[in-house]
Each structure stands twice: as structure tokens, then as C-alpha cells.
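Hello,

Here is the structure I promised to pass on to you. Have a look at it first, and then read my notes below.

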Amino acid sequence: TFNWTGSVASGSTASVSFPVMAISNGSHLLTITAVNINGSPDEIELNNTIEGSFRAIDPPVTFPYTQDFAATVFPPTGWNYVGYNPNNKMSRVTTGGFGLSTGSMKMDNYSGAVDITGQIDYFMSPIIDMTTATANSWLRFNVAYAKYNAASNDALQVLVSTDCGST
């Protein structure tokens, strides 16, 4: 717990520096809650908390690597989920792709009262040590997608780095 005291004018921002602390490898959740707004209780507490994930990098996993979402733990060990969607979060479901497995990951971009246009959520794999990979190694995954309407523009981006995330 870290307490900050200050005053922020309506519509303004404030930068807050947190004290240095040791953290373990793995996923962490940072929760920030505004308790008193400029010295007074907030009349609407529904928007006073925000959460974000970050990770201290675990040691790399070895190649070849497979994740089938069969285990009930979500996110899987070594994976990190940074979700900003206030309506829904990525989750594990017990329906597998093509009926060939017992689990998969689901992201519901439709349900909920808050407009999430432009919203980006991140699901990050562990670092995979591919020093033993051959020239014909590949990344493979299955995706199912249903477009809500013609104006919908949901997207899945798969980003890969060959230099440990520098680029």
C-alpha cells in the first residue's frame, strides 16, 4: 500500500512516483483507488478504481512450446494479461477449437454497457527461447471470430520479436 496526498484540479492530471520495491518474477496486478477526492469523499465511487497488470520477466521457456488452455488456471503460468476493457476480460472457456481440446481463450468485445471503441487488451506469452529452432519452425494458432456488424473493426494482432522485445 502506498498513500499519496495532493490536490488535482478538475480535468487535470498528476504524476505520482512510487517507492522502489523488490518484486518477484511473474505477473503482478497494480490496483489504484482514489479514496478521497481533493480531501472529500467522492459522490460516485464507481469510477475510482483502475487495475493494470505488469510482469517481471520469468526465465524463458524452452522450444518447442505449446499452450492449449487445457489447465483451468488463467492466465497460464508465464503468460500475462493486461486488460482495459471495463465490460469483459479475456478468460478461459471449456470449449476448445474445432472440438479437439478442452479449453480456449475468449474475448467478448460485444457485451457490456460501456463503449470500448479503440480499446486494446494485451495477452502476452512467456519469452520463448528459440535458439534451438530450425529454419522451418513456425507459430500456429486457431482463431474463431464473429463480426458484430459491417461497421465493426475488431482486430487480432500477433506481434513477434526476434530481439527479446527491443523491437
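Let's start with a pocket: the second largest one holds about 1,400 Å³ of space. A pocket here is an open set of points on a 1 Å grid over the protein atoms alone, where a 1.4 Å probe fits, with protein on both sides within 12 Å along at least five of seven lines; lining residues have an atom within 4 Å of a point. The volume is the space filled by probe spheres set on the points, which are joined across faces, edges and corners. This pocket is lined by 34 residues, and Phe2, Trp4, Ile32, Thr33 and Ala34 are the closest to its centre.

Please keep in mind that this is a predicted model, where local features need pLDDT (the predictor's confidence in each residue, from 0 to 100) of at least 70, side-chain atom pairs count only at pLDDT 80 or more, and totals for chains, interfaces and linings use all residues. Residues are numbered from 1 along each chain as its sequence is written, and side-chain values use heavy atoms, without hydrogens and water. The chain averages a pLDDT of 83, and 100% of the residues score at least 70.

Now for Phe69. Its phi is near 55°, a positive value in a residue other than glycine. Most residues other than glycine have a negative phi, and most peptide bonds are trans. Phe69 counts as buried because its relative accessibility is 15% (buried means under 20% relative accessible area, with a 1.4 Å probe and protein chains only).

Two cis peptide bonds are worth finding too: Phe63 to Pro64, with omega near 0°, and Phe74 to Pro75, with omega about -5°.

Enjoy exploring!

Terms used: Buried means under 20% relative accessible area, exposed over 50%, partly exposed in between (1.4 Å probe, protein chains only).
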